[in-house]
Each structure stands twice: as C-alpha cells, then as structure tokens.
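Here is a short briefing on how the inside of this chain is packed, with an eye on its aromatic rings. Have a look at the structure first, and then we can walk through it together.

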Amino acid sequence: MKLIIYIYFFALTFFNVNAYLNVKNDTVLYTIALKQNNVDYLKKALLYISNPSSIGYGKYLTKDQILNISKAKDSDVEIVTDWLKKYNTDYYNLGDALLCKSTLNNLQDMFNIKIKKLKNNRYYVLNEYKIPEYLKLYIDFVEGINNKNYNRYKVNTINNNINAENGYA
C-alpha cells in the first residue's frame, strides 16, 4: 500500500497533475501497458502456491517479486520510450507500464486518433487508437485515451441476516 501511495504522490509531483484538473492546458495523462515477460512461469508459480497438496502452498510472491519477474525487458522499454521522446511525451516507468503525459496534438499523431473538443474543456475521442505496427511487439494496450463505457453493477439490497465471523460480513 505504501508503494502505491508513493507512486501516486510521485506522479502528482512529476507530472504536475494540477494541469490535468484544468483541461485547458490541452494535455492528457494516460498509461501504456507494456508486454509482460515470464507469464507462463507466473501461471506455474500460481498453481504451485495455490495447490493445498503442493509443498509451496501459501508461499506467496510479493508485488515486487511479481513485477521483477514479469516486467518488460529494458531494451523493449527503451524502444517505446524513444518513440515517446519523439513526441515530447513525459513518462514515468512503473515496470510493467509507462505513466505518460502528452499534448492532445501529439496524442492524435501518436495513436492516429481524432479528438473533438466538447463544452467545459472536455474532449471526446472519435475513433479507436492505433498502436504503430513496430510497437505492437512491446505495447499490450493503452489506458486512458478511449471513450468506452463499462457497466458497473450495483448491489440493490443487503442481507443483514448473515451469521458470519467478524470481519466477513
């Protein structure tokens, strides 16, 4: 939890996130998810530590251990960051992703998207983003530059007649 808070406050400082609260600066904060390594190894490790009959049962990996196993290769990250630098994009390497800040104009050029300005300094992306072909080997997806709405399901009733141990109900 401390790591997440640290990264959050670092990002606020590094990117001067106040600029994002006032959209008229025409900049956008988004995340590029990098292709992960050793995914098959992590699947095997998950089965090993979650199987009650395994001697490794319950010997969980920490978030840092998982990140060190799965993070993108430095050479792959360099290819993506070199591309970001061509577009004057600020970024912070999170290991398995890059937290990025670009101007709207650069963002349109980078991902071949069209952005329409709405009222109240809001923007709408008119088409799906496209990752350049040569970067598809290194980028899994981009979060924060599309207009997809995801359904959120809400619990309408709560059953107060639950007899469970403290901390479970």
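The largest nonpolar core has 25 residues, and those with the most contacts inside it are Tyr-30, Ile-32, Leu-84, Phe-111 and Val-142. Please keep in mind that this is a predicted model.

**The core**
- At least two residues of this core come from each of strand S1 (27-34), helix H5 (74-86), strand S3 (97-103), helix H6 (104-111) and strand S6 (139-143).
- Leaving aside neighbours within four places in sequence, Leu-84 is in contact with Tyr-30, Ile-32, Thr-89, Tyr-91, Leu-98, Cys-100 and Met-110.

**Aromatic pairs**
- The structure holds 4 aromatic pairs.
- One of these is formed by Tyr-30 and Phe-111, which meet edge-to-face at 6.0 Å centre to centre, with 90 degrees between the planes.
- Because Tyr-30 sits in strand S1 and Phe-111 in helix H6, this pair ties together parts that are 81 residues apart in sequence.
- Trp-83 and Phe-111 have ring centres 5.4 Å apart and planes at 85 degrees; planes over 60 degrees apart count as edge-to-face, so this pair is edge-to-face.
- Distant parts of the chain are linked here too, with Trp-83 in helix H5 and Phe-111 in helix H6, 28 residues apart.

**Burial and clustering**
- Buried means under 20% relative accessible area, so Trp-83 is buried at 4% and Phe-111 counts as buried at 0%.
- Tyr-30 is buried as well.
- Tyr-30, Trp-83 and Phe-111 belong to one aromatic cluster that also includes Tyr-87 and Tyr-129.

Terms used. Residues are numbered from 1 along each chain as its sequence is written. This is a predicted model: local features need pLDDT of at least 70, side-chain atom pairs count only at pLDDT 80 or more; totals for chains, interfaces and linings use all residues. Side-chain values use heavy atoms; hydrogens and water are left out. A nonpolar core is a set of buried Ala, Val, Leu, Ile, Met, Phe, Trp, Tyr and Cys residues joined through side-chain atoms within 4.5 Å. Buried means under 20% relative accessible area, exposed over 50%, partly exposed in between (1.4 Å probe, protein chains only). Helices (H or I, at least four residues) and strands (E, at least two) are DSSP runs, numbered from the N terminus. Contact means heavy atoms within 4.5 Å. Rings of Phe, Tyr and Trp (its six-membered ring) pair if their centres lie within 6.5 Å; planes under 30 degrees apart count as stacked, over 60 as edge-to-face and the rest as tilted.
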